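Here's a quick briefing to read with the model open beside you. Grab your viewer and follow along.

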Amino acid sequence: MKTLTIDIRKAEPRDADAIADVHQAAWHGAYAGIIPHKALTSMINRRGREWWANAIRRAASVLVVEVGGKVAGYATLGRNRARELPQQGEIYELYLAPECQGIGLGTRLFETARQRLAANGLSGLVVWALEENSGALDFYHGAGGRDVAEGVEVFDSKALRKVAFVWD
Ligand SMILES: CC(C)(COP(=O)(O)OP(=O)(O)OC[C@H]1O[C@@H](n2cnc3c(N)ncnc32)[C@H](O)[C@@H]1OP(=O)(O)O)[C@@H](O)C(=O)NCCC(=O)NCCS
């Protein structure tokens, strides 16, 4: 039997290609049929290898989960952007490649991201998810998040509701 090592670590510039691939596949899987096609395609195309390489170089806040040496998912995190919420930290994005979903990696990545924020002195955590992304809502509820606020995000004139989950 083959044993696969699971490792969660800070992203490095050499991960840019793999993160761009995960981003593309995960966003298609999660948002096709929810976010209008044109808007989704241009959001995905904006985030190619160069974009990720830059993001990794500029900020220390991209994590990857690696399975058997292959990037299976990523998370980006930092300071909470919503002034009306008192929590100081935020996970901006947390995505796994479609073939790597549902086997506990998201939970591990989430917990590591949460610990990193706390270790950086940010207390409390916010995550936003689109209301139509029912898998994400189930995941954050299951992880003990409380849905405390709503917002709206507009994509090509289609307004979609989003929900904020918090952890204290
Ligand atoms: C949402 C996501 C991060 C969850 O990570 P994951 O590794 O698949 O989740 P886990 O295997 O750790 O599952 C943990 C719990 O979340 C719930 N869950 C996860 N994905 C779910 C889905 N698609 N539908 C329903 N529940 C789901 C389950 O209740 C599971 O609990 P269980 O183990 O008791 O069954 C991942 O599936 C993903 O990247 N999805 C697509 C992109 C996305 O929606 N990202 C979040 C944007 S805000």
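What follows covers the ligand shell, the nonpolar core, helix 4 and a loop.

This is a predicted model, so treat everything below as computed from it. The ligand has 20 residues around it, and the largest nonpolar core is built from 42 residues. Helix 4 (105-119) is one of the elements that supply at least two residues of the ligand shell.

**Around the ligand**
- Of the 20 residues surrounding the ligand, the closest are Gln101, Gly106, Thr107, Gly135 and Asp138.
- Helix 1 (16-31), strand 4 (89-96), helix 4 (105-119) and helix 5 (134-142) each put in at least two shell residues.
- Helix 5 is the top contributor, giving 5 residues to the shell.
- Sorted by class, the shell comes out as 10 nonpolar, 9 polar and 1 charged.

**The nonpolar core**
- Nonpolar side chains tend to be buried together in soluble globular proteins.
- Here, the largest nonpolar core counts 42 residues, and Ile19, Leu63, Tyr74, Ala75, Ala113 and Val127 have the most contacts inside it.
- Helix 1 provides the largest share of this core, with 7 residues.
- Leaving out residues up to four places away in sequence, Leu63 touches Ile8, Arg9, Lys10, Ala11, Tyr74, Ala75, Leu109, Thr112 and Ala113.

**Helix 4, two faces**
- The 15 residues of helix 4 should span 21 Å at 1.5 Å a residue, and the end C-alpha atoms are indeed 21 Å apart, so the two agree.
- Buried in helix 4 are Gly106, Leu109, Phe110, Ala113, Arg114, Arg116 and Leu117.
- Look down the axis of helix 4 and its buried residues fall within an arc of 160 degrees, so they line one face.
- On the face turned away from that buried side you'll find the exposed residues Thr107, Glu111, Gln115 and Ala119.
- Thr107 counts as exposed because it has 12 C-beta neighbours inside 10 Å, and the cut-off for exposed is 12 or fewer.
- Thr107 is also among the residues closest to the ligand.
- After helix 4 comes Gly121, with a positive phi near 85 degrees.

**The loop between strands 6 and 7**
- Asp156 sits in the loop between strand 6 (146-155) and strand 7 (158-167), and Ser157 is found in that loop too.
- Asp156 isn't a glycine, yet its phi is positive, near 50 degrees.
- Ser157 isn't a glycine either, and its phi is positive at about 65 degrees.
- Asp156 is exposed, with 11 other C-beta atoms within 10 Å, and Ser157 counts as exposed with 7 C-beta neighbours inside 10 Å.

Key: Residues numbered from 1 in each chain as written. Predicted model: local features only at pLDDT ≥ 70, side-chain atom pairs only at ≥ 80, totals over all residues. Near = placed C-beta within 6 Å. Helix = DSSP H or I, 4+ residues; strand = E, 2+ residues; numbered from the N terminus. Nonpolar A, V, L, I, M, F, W, Y, C, P; charged D, E, K, R; others polar. Core = buried A, V, L, I, M, F, W, Y, C linked by C-beta atoms within 7 Å. Buried ≥ 20, exposed ≤ 12 C-beta atoms within 10 Å, placed from the backbone. Contact = placed C-beta atoms within 7 Å. Expected span 1.5 Å × (residues − 1). Arc of directions from axis to C-beta.
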